[in-house]
Amino acid sequence: MDRWDGKVAVVTGASSGIGAAIVTELVKFNMVVIGLARRKEQLEAMEKNLNSKDKKGRFIPYQCDVTKESDVLKCFGWINSTIGAIHVLINNAGVLRNSKFSDGNLEDWKCLFDTNVLAVGMCTRQALKSMEAHGVNDGHIVNINSIRSRYPGIKDGSSWYSASKHAVGVLTDGLRRELANKKSKIKVSSLNPGGVLTEIFEKGHITRDPNAAALMPKDVADSVVYVLSTPPNVQGQPRVKNVPQWSFAWGQKWILLRFKERSCRRSLHVEIRNKNIVENSSVRNIVYIISRTANGRGTCKYTERFFVAKFLLGVLLLTLSWESHYNSTMDAYKGKVAIVTGASAGIGAAICKALVREGMIVVGLARREENIQKMAKELEQYPGKLHARKVDLRNEKEILDTFQWIKETFKGGVHVMINNAGLVGNAPLTSGETEKWRNIYEVNVLALNICTREAAQSMFANSIDNGYIININSISGHRVLPIDGHAMYAASKHGVTVISDALRRELVNKKSRIKVTSISPGMTATEIFKAANWPVHDPKTPTLQSEDIADQVVYLLKTPAHVQITELTIVPVGFQF
């Protein structure tokens, strides 16, 4: 986030919920954030809370109805003349309406498209004009979309909302292509969260199931920060979804807090309940100060001591929140077993290196065992360890033998399964060789299924409820690229997309908290085309590096326990398909 220090970000729908959480996070990272919303009083309250003399980051409220073009033009004109260049635009404003086809009204339908679609178009157009006028060629536009852009709700009345959000997805993709054709390095990302605990349901007069799993606004804000933190050549498209049946209870999870009131003073009892944070010196010091301060003798009921203690308690909770979001989740995988297929080169090798650096025990599977063994020696200085296993993934017996070896060698089962191995080939539908078709499906689909099945069985047998299955998919798993001979590979990757979604649903039905994510990279600089003897890659085409995908894997493993990224699409800046 260092490159955004002091830069200007515009956030729509900034007065509450996701928008307010995004504003808060960006100000923390020293950005000048202009928040747009209709509710002026809420924006002004945020300004008082966020701005201080000792902070470089700053929040500037601006009352604006983004559905009115005159308001949008006036707002962006003011920004250009008063503040200067816009570097980041977060299109967050959105509405939800329960409107059926049979008895819905035109006003609701217009409201959905005016806010969710046309406002995105108008704000994006004006932000791009600002970037162009000020010579900003590395800006970033982030559209807060919805999981409903891909999966229409099962309840009547949700189709119009889903249609508006699907339109946002199409606009995002269309804008990215338009910028690529202009040779622009401005990034465009779409975040697709599942249900989030905001007031959108109440404002849309929709009753939300209180028992349904949900994300917090900060979870989406954290994803925005992550997307903005990606390297200049990488465009990320995470779809953020909630893991069912989670709880958000500070007292039960980390500490037990009990307040007592006795005549002229109050007392506070603090008990650390989680052994993982007992050794955290900053937490211990804060707890000690809280206890000493709150339990000091006072002369009246509301002593200054108690208010200081409450402030310090807030600091403690923020400390624990930071630990939870950025440290503890990956810590849960240190010393645990991860399996990576296709580990001898390219993306697989990069993932192995990244996980070993994070302290995991990694078992790399590939036919070229010697490559993994060489890599293992190079990684001996890091806290984790890499083990090589020679496996032809087209041979089920070799896969089963490997899982049996892992069971006998490492106690505790498999915690992470990375299905990375893949084959591509020039295999036209009209003249392709049957053997090529078969090899593509055996490696890209069947081997993935077998490894997933065995990893899931290991997780179940060892009561691993925080396991993670990550499938390295492809942009071709979502669209057919205009490349002759590419269709069979694309079909196999579409299969991976469906399998990933079906597996996630199956695990939910089993009440499991095991996560499943599909990572879909664009063109990546690996040897996959050379190995297939298919010189289809144009050296002038923008590409990702293997390390870019490995970084996504580490990011996924660091997400909070209640957050699931269902699909992470990552393409190089300048990607035109």
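This section describes the overall make-up of a predicted model, followed by one of its sheets, its internal cavities and three buried residues.

The chain comprises 577 residues, of which 53% are buried, and its secondary structure consists of 18 helices and 16 strands. When contacts between residues at least 6 apart in sequence are considered, 72% of them connect residues that are at least 24 apart.

An open sheet is built from 6 strands, which follow the order 3-2-1-4-5-6 and pair in the parallel sense. The edges of this sheet are occupied by strand 3 (58–63) and strand 6 (187–191), and because each of these has a single partner strand, one side of each remains without a neighbour in the sheet. On average, and with direction ignored, neighbouring strands of the sheet are turned by 15° against each other. Helix 1, formed by residues 17–28, packs on this sheet and touches strand 1 (8–12), strand 2 (32–37), strand 3, strand 4 (88–91) and strand 5, while the direction of helix 1 makes about 170° with that of strand 1. At the pairing of strand 5 (residues 140–144) with strand 6, which is parallel, 5 bridges are found, and within these two strands I141 is placed opposite V188 of strand 6. Helix 7, spanning residues 217–229, lies across strand 4, strand 5 and strand 6, and runs at about 155° to strand 5.

With respect to internal space, the structure contains 5 cavities of 30 Å³ or more, and the largest cavity has a volume of about 60 Å³. The lining of the largest cavity is formed by T341, L393, N419, N420, A421, V443, N444, A447, L448, C451, I472 and K493. Helix 15 (residues 434–461) supplies the largest share of this lining, namely 5 residues.

Three individual residues were considered in further detail. L386 is located in strand 12, which covers residues 385–390, and since its relative accessibility is 6%, under the 20% limit, L386 counts as buried. Leaving aside residues up to four places away in sequence, L386 touches C352, V356, V362, G364, I372, M375, A376 and L379. The separation between L386 and M360 is 26 residues in sequence, and their C-alpha atoms are 8.4 Å apart in space.

I475 is situated in the loop that connects strand 14 (468–472) and helix 16 (487–509), and this loop residue is buried because its relative accessible area of 4% is under 20%. Although I475 and I519 are separated by 44 residues in sequence, the distance between them is 8.8 Å, taken from C-alpha to C-alpha.

T524 likewise belongs to a loop, in this case the one between strand 15 (515–521) and helix 17 (528–531). With a relative accessible area of 11%, which is under 20%, T524 is therefore assigned as buried. A polar atom of the T524 side chain lies 3.0 Å from the backbone oxygen of G522. Beyond residues up to four places away in sequence, which are not counted, the residues touched by T524 are I347, L544, Q545, S546 and I549.

Methods:
Residues numbered from 1 in each chain as written. Predicted model: local features only at pLDDT ≥ 70, side-chain atom pairs only at ≥ 80, totals over all residues. Heavy atoms only, no water. Pairing = 2+ DSSP bridges. Axes fitted to C-alpha atoms, helices over the stretch in contact; angles between N-to-C directions. Contact = heavy atoms within 4.5 Å. Buried < 20%, exposed > 50% of the residue type's maximum accessible area, 1.4 Å probe, protein only. Polar contact = N/O pair within 3.5 Å; in protein donor to acceptor, adjacent residues only side chain to side chain. 1 Å grid on protein atoms, 1.4 Å probe; cavity = no way out; pocket = protein on both sides within 12 Å on 5 of 7 lines; lining within 4 Å. Points joined across faces, edges and corners; volume = space filled by probe spheres on them.
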